[in-house]
Each structure stands twice: as C-alpha cells, then as structure tokens.
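Biologist: Please take a close look at one part for me, the surroundings of the ligands. Go through them piece by piece, and then say what other spaces there are.

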Amino acid sequence: IVHIAALNKDRKIDDYQRIYNKIAEKIREEDEYDGYIGYGPILVRLGWHSSGTYDKTNNSGGSYGGTYRFKLESSDPSNNGLQNAAKFLDPIYKEFNWISHGDLYTLGAVCAVQEAQGPKIPWRPGRVDLPETETPANGRLPDANNGADYVRNFYARLRMNDREAVALTGAHCLGRTHYKNSGFDGPWGAASNSFTNEFFVNLLNEQWKLEKNKSGNYQYDSPKGYMMLKTDYALIQDPSYLKIVKEFANDEASFFKEFASSFQKLLENGIDYPKGAPQYIFKTLDEQDI
Ligand code: HEM
Ligand SMILES: Nc1cccc2nccn12
C-alpha cells in the first residue's frame, strides 16, 4: 500500500496555525474536563491511536486515511473514551472542513503536546481521507497486560527502536487511566496536564506494588497513589529499556528531543512525502501573546 501526501498549494502555515489556535483556545477554555485535567491528554491519545494501527509489513493502517472517523475503528475497545476527543474536534472540523481527518487528528495531538509545555513537534500536512473500506481491523493497538518482549515486538511493527519506544511511552506523564475505559484506575493523586519527564522519575523513585484491581487486571500501585501499567513497568525490568529510562529521568532535554522526533515519526508512519512537501513548527498561544 502506498499513501502519498497531497500537496495543497492554497493552504499555508497561517491556515494551519489558525486551526492550531482554535484547538489551543478550546483546550484553555474547556479546562474543567476530566476533573480539571482538560482535553490535552485525550487529544494526544487520539493522535497516537489513529497512528498506532500502522503495520510496517504491508504499510497498512496509520494516520493517513483518517479512518478513526468510521465506526469499525472508533468502536475498537482499545479506543474506549476517545469519543470525547472526537466530539471536541467536531466543531473545529465543521469550521475548517478543508482539512482531512488525518491531518486534524494529528494536528490536535501536536497542539496538545506543545500547549502542555512539551517540545515542538514538526508537522506535515497532506493526509487524505480514505473510504470506510480502508479501515484497519480492530486489535492492532497494544494491550497493557504484557511485559518487555511484547512491548519491543509491538513497537517494532511501528518501526520504533528501544529509544523511540521508551520516549513515546513518556507521554504517560499526561492524563490518567479511567476504569470505565480500560479497566485500569488511577493515579489517585492529581493527574498531570503538563508535559514533563516525571513518568520516568516516578518509575525509578516510587515503590511499586503489583496489585490485582477490581476488574481482575494487574497494575502497579505506589503509596503516593500513582499507578503504572505492566507495559510501563516493563521499561525498568528490561536492561536496555532501563538504561534509557535513567537517561530521560536525569535529562529532560534529551527526553524532549527524542519524543519530538519519535512522535513525528509515529504520526507520519506509512506516508510518502514528495520532495518540497512543507513542514511546519507551530507557535504556542503564549509565543503569540494570545
Ligand atoms: C504499549 C504501549 C501503550 C499501552 C499499552 C498504553 C495503554 C494505555 C491505557 C490503558 C491508557 C488508559 C486509557 C483510559 O483508561 O482512559 C492510556 C492512556 C494514555 N496513553 Fe497510553 N499506552 C501505550 C502507549 C502510549 C503512547 C505511545 C502514547 C503517546 C505518544 C500514549 C498516550 C497516552 C495518553 C496521553 C493517555 C492519557 C489519556 C487520558 O488521560 O484520557 N500511550 N494508555
Ligand atoms: N497517566 C497515565 C496514563 C496511562 C498510563 C499511565 N501509566 C502511568 C501514568 N499513566
């Protein structure tokens, strides 16, 4: 399968910065969502899940076709709860319906990371809405009840190495698990809506206890009320992953650098960009004094 980015001559960075600003202002405005966590984390998860269906073996899935908009994909149990992110973006799509769904979902994720004071994520337009027939089957997104070998295998399908895999999982600094969505609960402490390296700091510094939660899933809990999934905890069980966790816990800049490149790669997996395809780095609202 080949997905070539469509170059749209009439749309420049200002057009996309206008959409970025709309999303960023809406995140700022609707701050009470999910116990005052806000919409940022779930927008990041939507961009990740719409990209995480990619399979390098036949270059299928991924963000290009915007197929999350179809029932088959949005009703995948792995996508429980993401309807809230799609609903958040609906009015923005109505106002700017020249943008493709794939570009909107990924732009929303880039906006959410940057407005949470995370790194700048370079972003390229050109995804094209594909028909419902192109929707990938359920089951391509990861299952949290697994260890390091599973994690390494899963990320290999997305063309990610150990360093990229650890960096990407660092996005679990944002938001929280929701019992009704995934059968995991916590953290009970205030969940964060700031993008930092604290996921790695917590992994290394907290005492973790493996517990079976009320839905029969296993998760690691800490005295401070934090939690880790088994796939999170795997990052300190595996020697290669552990080395990278330590680096990112001690050097937030190196985490930011690796996250920016890995996240762009994740959001662009499966897309061929022609020579001269534009790449944008959006300004935050703060940088525009908005
Ligand atoms: C092995 C890989 C991964 C597994 C098994 C996993 C699993 C999960 C689970 C079970 C939740 C809780 C969902 C809920 O209950 O609402 C969650 C939340 C989240 N995940 Fe992951 N995840 C993985 C990788 C990633 C990656 C690569 C990113 C982004 C780069 C990411 C970003 C997020 C965010 C931002 C949330 C919070 C969403 C919210 O607060 O509503 N995750 N993840
Ligand atoms: N916030 C959050 C979301 C998903 C997984 C996770 N593990 C630790 C924290 N965390």
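Modeller: What follows goes through the two ligand sites and then the open and closed spaces. Keep in mind that this is a predicted model.

Start with the iron. The iron atom belongs to ligand 1, and its only protein donor is His-172. The donor atom is NE2, at 2.1 Å. Where does His-172 lie? His-172 sits in the loop between α8 and α9. Helix α8 covers 162–169, and α9 covers 179–182.

Now widen the view to the shell around ligand 1. There are 21 residues around this ligand. Those that come nearest are His-172, Arg-176, His-178, Asn-181 and Ser-182. So much for the names; next come the elements. Two helices, α3 (40–51) and α9, each supply at least two residues of the shell. The largest share comes from α3, with 4 residues. By class, the shell around ligand 1 holds 12 nonpolar, 7 polar and 2 charged residues.

Polar contacts add detail to the ligand 1 site. Ser-182 places a polar side-chain atom 2.7 Å from an oxygen atom of ligand 1. Arg-176 takes part through its backbone: a polar backbone atom is 2.9 Å from an oxygen atom of the ligand. Trp-48 faces a nitrogen atom instead, with a polar side-chain atom 3.2 Å away from that nitrogen of ligand 1.

Move on to ligand 2. Its surroundings are His-172, Leu-174, Gly-175, Arg-176, Thr-177, Phe-199, Met-227, Met-228, Leu-229 and Asp-232. Two of these names have come up already. His-172 is the iron donor at ligand 1, and it is also listed around ligand 2. Arg-176 is among the residues that come nearest to ligand 1, and it too is listed around ligand 2. By class, the shell of ligand 2 has 5 nonpolar, 3 polar and 2 charged residues.

Nitrogen atoms of ligand 2 have polar partners on the protein. A backbone N or O atom of His-172 lies 3.2 Å from a nitrogen atom of ligand 2. Leu-174 also uses a backbone N or O atom, 3.1 Å from a nitrogen atom of the ligand. Asp-232 uses its side chain: a polar atom there is 2.7 Å from a nitrogen atom of ligand 2. How much of ligand 2 does the protein cover? On its own, ligand 2 has 270 Å² of accessible area, and the protein covers 90% of it.

Next, the spaces. The second largest pocket has a volume of about 390 Å³. Its lining counts 22 residues, and Ile-27, Glu-115, Ala-116, Gln-117 and Asn-193 lie nearest its centre. Elements giving two or more residues to that lining are α1 (13–29), α3 and α6 (101–115). Helix α3 thus appears in this lining and in the shell around ligand 1. The lining of this pocket divides into 10 nonpolar, 7 polar and 5 charged residues.

Last, the enclosed space. The structure holds 1 cavity of 30 Å³ or more. About 30 Å³ lies in the largest cavity. The residues that line it are Thr-53, Glu-73, Asp-76, Asn-79, Pro-136, Ala-137, Asn-138, Arg-140 and Leu-141. By class, they are 3 nonpolar, 3 polar and 3 charged.

Methods
Residues numbered from 1 in each chain as written. Chains lettered and ligands numbered in written order. Predicted model: local features only at pLDDT ≥ 70, side-chain atom pairs only at ≥ 80, totals over all residues. Heavy atoms only, no water. 1 Å grid on protein atoms, 1.4 Å probe; cavity = no way out; pocket = protein on both sides within 12 Å on 5 of 7 lines; lining within 4 Å. Points joined across faces, edges and corners; volume = space filled by probe spheres on them. Nonpolar A, V, L, I, M, F, W, Y, C, P; charged D, E, K, R; others polar. Near = heavy atom within 4 Å. Polar contact = N/O pair within 3.5 Å; in protein donor to acceptor, adjacent residues only side chain to side chain. Areas by Shrake-Rupley, 256 points an atom, 1.4 Å probe, with all protein chains shown as cover. Donors = N, O, S within 2.8 Å, 3.2 Å for Na, K, Ca; no water.
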